Amino acid sequence: MADPEAFVPFYRQEAESVLLFLTRRTLDGEVALDLTAETFAQAWRGWPGVRQDSREEMRAWLFTIARRQLGHYLRRGEAQRTAVRRLGIRTPSMHEDDLAAIEEAAGLLEVRLGLRHELEQLSARERDAVRMRVIEEMPYDEVARRLDVSEQAARARVSRALRTMQRSLAARTLIDGGVS
Amino acid sequence: MSHRFRALQELEAELVRVTSAERAEPGRRGPLRRPGAERQTRRLSGTTRTRRLAAVLCGAALLLVTSTIALAATGVILTGASVHPARKLTPYAGAGLPLRGHSKLLSLRVPDPYGGLPWGMRVVQTTRGLVCVQIGRVQNGRLGELGIDGAYNDDGRFHPVGPGVLPAYAGGASEGGVTSERGSCVLADGDVTGNGEAWGSAVAAEFTGVSENAAFARTRGARTQGPPASLRDIAYGILGPHAVSVSYREGSATRTEPVVAGVGAYLIVKKAQSGATGGGQGEAPGTDTPGEGPGTSGVLSVISYEHDGTVCENGYNAQTGGHVAIRHACPAPNPYPRSLRVTPRGGFYRHPAVALRVEHGRALAAELTFPAPFAVTSAAEGYALEAAACPGGHGGGGLDVLDRDVAKGATVRLTLAYPFAHCNRRSLPVEVIYDSSGPDAKRSYGRTPGELVIANVTIALPHGVRAAAPVSRR
């Protein structure tokens, strides 16, 4: 069982890694800060049950929480704030100086270039589908109408394209790399 | 260990506060479950679990209702996804990137005439020498837009807008500035967001009939206007360090508000006066130069400046077309601040290569390439291509502007789309201009200061090739 006194030092050690990890994956420093706050709020809730045996295990546990927050955000388009609200944590505003520094530290320019490169590698049909669904946020029925395919086919096309991009990006260590 | 990001330091302070309080008083936060309590729950019988579940669901529903009421009562709006730039930003093209340490959310807060979050203003300086003003609603010290009136799928949330969400900037010193509902950018001569000591440009803009979401929705099929009863007229600007106050008309009354010291910022949000719902926009009268403005239209009627230790005023009554009563008129500015000296044609003159892009026997575009005689290092400089208009000025005057930095001697490529689409002409005279600003700006004879003609070319339509015109999508 982890010592409650050790939580804040743990935050000091890991907060920046978590923030940069989330910034690389959301491409948005402000969203990443919200997710970081929720990650540590949830970590505090689970802290009494954590074994403080090795730092690596604790980091793995923390990044599991962070990934869960990220997954929620990517599915819902908004950061979960359950634990933050429950604990009464006021999430700080992102300072504008911070934002540029965080995006630079997270290497967002390279990530964006990587995304652009992968987007260009897709077939024109897949690229159009991703652009409509992800960038222009069209509902699937509209994507299907514009592509002149069934809604099911539109969903499949977007899903296949995103999987392709994800695999390529992971290989380039943009998605799953750079945890530390 | 201290964090290099201030936001993480502040989050740490919050965590210290929360964890200390809970360690001192472990039971104070009911919803927090401790591991022991979790194990106890698992040992409950099935019936008890069902009852407990029903109670939890009822409690959750009640909590949801009361939370919603509480949030509505306090005016707190949930935060949604941040707004991203519409296009990828680079430090060397377009408006550039926000310059680190040179963006500032001003303390200015203006209530909305229909209630809700106040309005605020951010001033951003960019890597390409522009100063940009962003306006929007403010919550928790962040500037953003609201997900209503068709924006953001009507999610009702507050969507933060970072300093990187800049208005598109077409580029070129002749552009002077750009205005959109989301903000305005103009060329800056000095540091306006540091200490506000230096200043060289003013931003002023007005919008009428703007919907209440303050935002300028990108959602497909979004209604960009709210109901007429909730429309606003918005005027904003930064008038430089000499500005003291602005006066504007509101109904039959005239109101005077001080501007934000240092940058001379003002922001006026009021109920739409005219009932127009077109979302009209235009440049407001305003300038950083005492003795100029306000002009012949717009909300502002008087701008007061500090000039040589005294306050002077400039005014104009847009309704009557005459000057308003001014007690201490500012002296007229020098009407010719820049040199009128003409630069004769010299080593900078170029002979561009011309390539026609022809598809299916039709000329789609003409591309001019030439080595840059001058480097472009900011938005204050640039190259532009201007095609002559048809006789009588009836269309045909095409334009292309280089909106990125370029090294001296590097190849500049400018493209004229559908060059022969108008007035059945088969040859088209074009001029290539080098735009610049500042006291040393060069100019050619017959051109305004800052416009230097560096090439004259006539593009001919070859025999057997026909003109192409843009295809109308509707």
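**Exercise 1.** Identify which residues of the largest nonpolar core touch the most other members, and which strands supply this core.

*Solution.* In this predicted model, the largest nonpolar core holds 48 residues. Within this core, B:Met121, B:Tyr236, B:Ala265 and B:Leu267 touch the most other members. The next step is to assign the core to strands. At least two residues each come from β2 (119-126), β3 (130-139), β4 (142-146), β9 (232-238), β10 (243-250), β12 (265-271) and β14 (300-307) of chain B. The most is given by β3(B), with 6 residues. Another core, of 42 residues, lies apart from this one; A:Leu35, A:Leu62, A:Ala100 and A:Ile102 are among its residues.

**Exercise 2.** Describe the side of chain B that touches chain A.

*Solution.* Begin with the residue counts: the contact takes 36 residues from chain B and 41 residues from chain A. Next, consider the elements on the side of chain B: α1 (6-24) and β1 (98-105) of chain B give two or more residues. The largest share, 12 residues, comes from α1(B). Finally, sort this side by class: 15 residues are nonpolar, 10 are polar and 11 are charged.

**Exercise 3.** Determine the strand order of the open sheet of 4 strands in chain B, and name its edge strands.

*Solution.* The order is β19-β18-β21-β22 (chain B), and the pairing is antiparallel. In chain B, β19 (399-401) and β22 (451-460) each pair on one side only, and these are the edge strands. On average, neighbouring strands of this sheet are turned by 15° against each other, direction ignored. One pairing can then be examined: strand β21 (residues 427-435) of chain B is joined to β22(B) by 9 bridges, and the two run antiparallel. B:Tyr434 has B:Leu452, in β22(B), as its bridge partner.

Notes
Residues numbered from 1 in each chain as written. Chains lettered and ligands numbered in written order. Predicted model: local features only at pLDDT ≥ 70, side-chain atom pairs only at ≥ 80, totals over all residues. Pairing = 2+ DSSP bridges. Axes fitted to C-alpha atoms, helices over the stretch in contact; angles between N-to-C directions. Contact = placed C-beta atoms within 7 Å. Nonpolar A, V, L, I, M, F, W, Y, C, P; charged D, E, K, R; others polar. Core = buried A, V, L, I, M, F, W, Y, C linked by C-beta atoms within 7 Å. Buried ≥ 20, exposed ≤ 12 C-beta atoms within 10 Å, placed from the backbone.
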